[in-house]
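Please open the model in your viewer and keep the sequence panel beside it, so that each stop of this tour can be selected by its residue number. Take the stops slowly, and look at each selection before moving on.

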Amino acid sequence: MLVTKYRLLPALSLVMLAACGGKDKQKTAPAGAGRGPAAVNVFVLKTSPLSETVEVPGTLIANESTDIYPETAGRVTQLNIAEGKQVTQGALLVKLFDGDLQATLRKLQVQLEIAKQNEERSAQLLKIQGISKADYDIAALNVNNIQADIAITRANITKTEIRAPFTGRVGLKNISPGAYVSPATVIASIQQTTTLKLDFTVPEKYTSRIKVGQLVYFTTESTNKTYTAKVMATESGVTLDTRSLSARCIVQEKDPQLVPGSFAKVKLDFDPIPDAIMVPSQAIVPQARGKQVILFNGGSAKFVDVTTGLRDSASVQITSGVKAGDTIVISGLMSTKPGTQMKIGKIANADGTTTTVTKDTTVKTQQPAK
């Protein structure tokens with residue numbers, strides 16, 4: 001019995017050593033051994049029409065607008081300004097005192113009559129050689145001088161009459177009858193509101209896309225209506241301070257609720273891009289010197305440099321670096337390295353949509369008409 005017991009000890013020792021060796025092998029096995037490729041969500045790129053709408057602030061202005069100033073100093077003897085009323089072009093608004101000018105005019109008119117008589121007598125004497133040609137020239141010169149003085153006096157009288165420069169609506173008057181005014185005095189303002197204009201500016205990158213005759217749409221704070229305006233002209237160059245281009249439009253509607261000086265929210269619809277590529281914004285991987293996306297390349301990750309265009313909170317336009325039909329990764333980007341093995345878990349695509357990007361709104365998608 002003792003012999004049999006001692007013979008079993010070596011066999012038990014071998015079994016225990018084998019078990020310990022198996023545990024050590026399990027402990028030294030590399031982490032992740034036996035795991036498959038990571039499942040990721042992907043997005044298949046395709047082209048779709050992209051129409052861009054930009055909203056910019058604008059201002060309504062009158063077709064014609066000016067402040068009315070007197071051309072000369074004087075006392076107001078007549079004031080015909082009806083505040084807030086329409087006046088026709090050439091209507092007398094203000095008359096200044098011109099008594100001294102009228103007296104001067106009458107004096108010159110008398111002098112002109114006598115000078116003309118002297119000129120006629122000199123002409124008759126010149127025919128019979130009773131006077132020299134020089135004497136006749138002096139008489140004729142006197143007539144011309146007096147006529148010039150009369151023209152100057154009448155022009156000064158005209159300056160005492162302040163008339164409406166165009167047909168429009170007069171604002172509030174700033175003077176009263178009897179007031180003494182100077183060329184620096186603003187008498188009132190006048191605006192032609194039968195036709196309104198719309199002024200706005202666009203960033204420099206849109207300068208080539210603003211065309212004369214293009215329609216824009218706008219709303220104001222005073223009404224919920226949407227109005228139409230047509231681009232009539234643009235500034236000759238970009239403003240250096242703001243790097244923007246000024247444009248002016250003619251408002252197509254005539255609505256008394258539209259008041260010059262009002263703030264307008266202008267919406268510009270540019271020609272759509274027929275073959276734009278849009279991707280979810282989370283697919284973009286920012287880099288120090290650009291942006292990248294991760295391509296699903298035969299089961300492995302491939303980082304590609306891209307150039308982006310229009311964007312908002314949901315989608316980004318890719319202008320270069322990828323093409324329609326490519327598959328990009330949109331999940332697990334932080335843990336993905338070049339060459340990482342992966343498999344497709346979910347394809348997150350909105351098939352057959354038309355994407356519209358607005359500068360201050362989200363991307364709008366519409367299903368195509370069947």
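Begin by selecting Arg 243, which counts as partly exposed because its relative accessibility is 46%, a value that falls between the 20% limit for buried and the 50% limit for exposed. Keep in mind throughout the tour that the model is a predicted one. Arg 243 is found in the loop between β11 and β12, the latter covering residues 244–251. Its backbone also deserves a look, since phi of Arg 243 is near 55 degrees, a positive value in a residue other than glycine. Most residues other than glycine have a negative phi.

Next, select Gln 129, where phi is again positive in a residue other than glycine, this time near 60 degrees. Gln 129 sits in the loop between α2 (99–127) and α3 (133–159), and the positive phi comes just after α2. Is Gln 129 buried or exposed? With a relative accessible area of 71%, Gln 129 is exposed, because anything over 50% is counted that way.

From that loop, step back to the helix α2 itself and select its two end C-alpha atoms, which are 43 Å apart. The 29 residues of α2 should span 42 Å at 1.5 Å a residue, so the expected and the computed lengths agree. Now colour the buried residues of α2, which are Leu 101, Leu 105, Leu 108, Leu 112, Ala 115, Glu 119 and Ser 122. If you then show α3 as well, you will see part of what covers these buried residues of α2.

The following stop is a sheet. Select the four strands of an open sheet whose order is β6-β5-β3-β8, with antiparallel pairing. Which strands are at the edges? They are β6 (161–163) and β8 (180–181), each of which pairs on one side only. Inside this sheet, zoom in on strand β3 (residues 74–79) and strand β5 (residues 92–96), which run antiparallel and are joined by three bridges. To see one position of this pairing, select Gln 78, which stands opposite Lys 95 in β5.

Other strands pair further along the chain. Select β18 (residues 315–320) together with β14 (residues 273–280), and you have two strands that pair in the antiparallel sense over four bridges; here Val 279 has Val 316 of β18 as its bridge partner. Then add β17 (residues 300–311), which is joined to β18 by three bridges and runs antiparallel to that strand, with Thr 308 standing opposite Ile 318 in β18.

Now turn to the aromatic side chains, of which the structure holds two pairs. One of them is formed by Tyr 206 and Phe 270, a stacked pair with 5.1 Å from centre to centre and 0 degrees between the planes. Tyr 206 lies in the loop between β9 (188–203) and β10 (215–220), while Phe 270 lies in the loop between β13 (263–269) and β14, so the pair ties together parts that are 64 residues apart in sequence. Both Tyr 206 and Phe 270 are buried.

Finish at Met 232, which has its place in strand β11 (residues 223–234) and is partly exposed, with a relative accessible area of 38%. Display the residues around it: leaving aside those up to four places away in sequence, Met 232 touches Lys 197, Val 212, Arg 248, Cys 249 and Ile 250. As a last selection, add Gly 213, whose C-alpha atom is separated by 6.2 Å from that of Met 232, although the two residues are 19 residues apart along the chain.

Definitions and conventions: Residues numbered from 1 in each chain as written. Predicted model: local features only at pLDDT ≥ 70, side-chain atom pairs only at ≥ 80, totals over all residues. Heavy atoms only, no water. Buried < 20%, exposed > 50% of the residue type's maximum accessible area, 1.4 Å probe, protein only. Contact = heavy atoms within 4.5 Å. Pairing = 2+ DSSP bridges. Expected span 1.5 Å × (residues − 1). Phe/Tyr/Trp six-rings, centres within 6.5 Å; stacked < 30°, edge-to-face > 60°.
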